Amino acid sequence: MNLINLTLLIVGVLYAAPDDRLVKFAQSIAVAEGFYDRGSLSFRRNNPGSLTNKWGDLIQFKSPEAGWVALGGQLERASCNQSRYYKPTMSLASMSRVWARNSEDWLRNVLSSLRRKGIPASPSTTIRGILGPCQGRPS
């Protein structure tokens, strides 16, 4: 089992969403962020979501697993209305304006990846529409 599959297994166990939708959403964001390109900054920083600190600097995680857990936590907080930036009723188009500074490429890549994973999505699909209602999963 390679590191990425092991990481996804860990994230899937920690954040079990209906139909593994949280994992699929996290993977789709990682695609949009270029994480699977081993030369990307996201990959080198173990940061599949390209998460930033309060100053806007890309966070360096100690391991890919820590980066996946942080991304899963960010999505979980959004799903449970516990995020400062994202709400369960926020559309993917609105999410892209915050997450990726209104990147049309980011939105297109997330949507394409979600659809390939069997999750129907459009720019108007909400975070809740992807993840379902908050289930009190760990954040």
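Here is a short chat about the helix packing and nonpolar core of this predicted model.

User: Before we start, what should I know about the numbering and the model?

Analyst: Residues are numbered from 1 along each chain as its sequence is written, and side-chain values use heavy atoms, with hydrogens and water left out. The model is predicted, so local features need pLDDT of at least 70 and side-chain atom pairs count only at pLDDT 80 or more, while totals for chains, interfaces and linings use all residues.

User: Why is Leu92 called buried?

Analyst: Buried means under 20% relative accessible area, with a 1.4 Å probe and protein chains only. Leu92 has 0%, so it counts as buried. Leu92 lies in helix H5, residues 92–99; helices here are DSSP runs of H or I with at least four residues, numbered from the N terminus.

User: What makes Thr125 a contact of Leu92?

Analyst: Contact means heavy atoms within 4.5 Å. Leaving aside neighbours within four places in sequence, Leu92's contacts include Thr125, Phe25, Trp106 and Ile130. Leu92 and Thr125 sit 33 residues apart in sequence, yet 5.9 Å apart in space, C-alpha to C-alpha.

User: And Asn109, why is that one called partly exposed?

Analyst: Exposed is over 50%, and partly exposed is what falls between that and the buried cut-off. Asn109 comes in at 33%, so partly exposed is the right label. Asn109 is found in helix H6.

User: How do you know that H2 is roughly perpendicular to H4?

Analyst: Axes are lines fitted to C-alpha atoms over the stretch in contact, and angles run from 0 to 180 degrees between N-to-C directions. Roughly perpendicular covers 65 to 115 degrees, with under 35 roughly parallel, over 145 roughly antiparallel and the rest oblique. H2 (residues 21–32) and H4 (residues 64–79) pack at about 115 degrees, with axes 10 Å apart. That angle makes H2 roughly perpendicular to H4.

User: Which residues meet there?

Analyst: Among them, Phe25 and Ile29 in H2 meet residues such as Trp68 and Leu75 in H4. Leu75 also touches Met95, Trp99 and Leu131, among others.

User: What makes something a nonpolar core?

Analyst: A nonpolar core is a set of buried Ala, Val, Leu, Ile, Met, Phe, Trp, Tyr and Cys residues joined through side-chain atoms within 4.5 Å. The largest one has 31 residues, and those with the most contacts inside it are Phe25, Ile29, Leu75, Leu92, Met95 and Trp99. H2 gives the most to this core, with six residues.

How values were computed: Helices (H or I, at least four residues) and strands (E, at least two) are DSSP runs, numbered from the N terminus.
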